[in-house]
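Colleague: I'm new to this one, so could you show it to me and walk me through it?

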Amino acid sequence: EENSCSYRENLAAARATAGKGSAATHLRSLNDREDQREAARHIKAVTKKVENCSTTQVIVIQEDGTSVEITEKTAMEQEILTENEKKYHQCEGACPLLEGRLLQDIGLLGEG
């Protein structure tokens, strides 16, 4: 950082002696440009981390209440598939709306 500051100061002074404006104006312009570059580097670092947001671990709760952490790709995929199947097929064949009094009140198509 110190070398960069002295380089910008020397460059601004050289431009001023060449008759291209004042040293202060050039230095302010160079410092603003460096601030923009630094902000862009920070933004790039942050957005690069966000782009790579794949699943790295899955925690499975066993029947006895203990949890197991899975990090191997194929095992994670299998556990996710199993959980999704349970989640999205939970009402097949045993939906409370298709039994007893609720079925009479609501009807199969919700016609009431």
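Colleague: Which residues make the nonpolar surface patch of about 380 Å²?

Modeller: Gladly, and please keep in mind that this is a predicted model. The patch is nonpolar and lies on the surface, with an area of about 380 Å². Its members are L98, L108 and L109.

Colleague: Is L108 buried or exposed?

Modeller: Let's place L108 before we judge it: this leucine sits in the segment after α4 (100–106). Its relative accessible area is 65%. Exposed means over 50%, so L108 counts as exposed.

Colleague: In what order do the elements of the protein chain run from the N terminus on?

Modeller: There are 4 helices and 2 strands to arrange in the protein chain. Starting at the N terminus, the order is α-α-β-β-α-α.

Colleague: What radius of gyration does the protein chain have?

Modeller: Picture the overall extent to begin with: along the principal axes, the C-alpha atoms fill a box of roughly 95 × 40 × 20 Å. For 112 residues, a compact globule would come out near 13 Å. The protein chain, by contrast, has a radius of gyration of 32 Å.

Colleague: What share of the 112 residues is buried?

Modeller: Two other values help set the scene. The protein chain exposes about 9700 Å², with carbon and sulfur atoms supplying 53% of that area. Of the contacts between residues at least 6 apart in sequence, 2% join residues at least 24 apart. Buried here means under 20% relative accessible area, and the share of buried residues is 10%.

Note on methods: Residues numbered from 1 in each chain as written. Predicted model: local features only at pLDDT ≥ 70, side-chain atom pairs only at ≥ 80, totals over all residues. Heavy atoms only, no water. Patch = residues over 30% accessible without salt bridge, like charges linked within 9 Å, V, L, I, M, F, W, Y side chains within 5 Å. Areas by Shrake-Rupley, 256 points an atom, 1.4 Å probe, with all protein chains shown as cover. Salt bridge = Lys/Arg side-chain N within 4 Å of Asp/Glu carboxyl O. Buried < 20%, exposed > 50% of the residue type's maximum accessible area, 1.4 Å probe, protein only. Rg over C-alpha atoms; globule rule 2.2 N^0.38 Å. Contact = heavy atoms within 4.5 Å.
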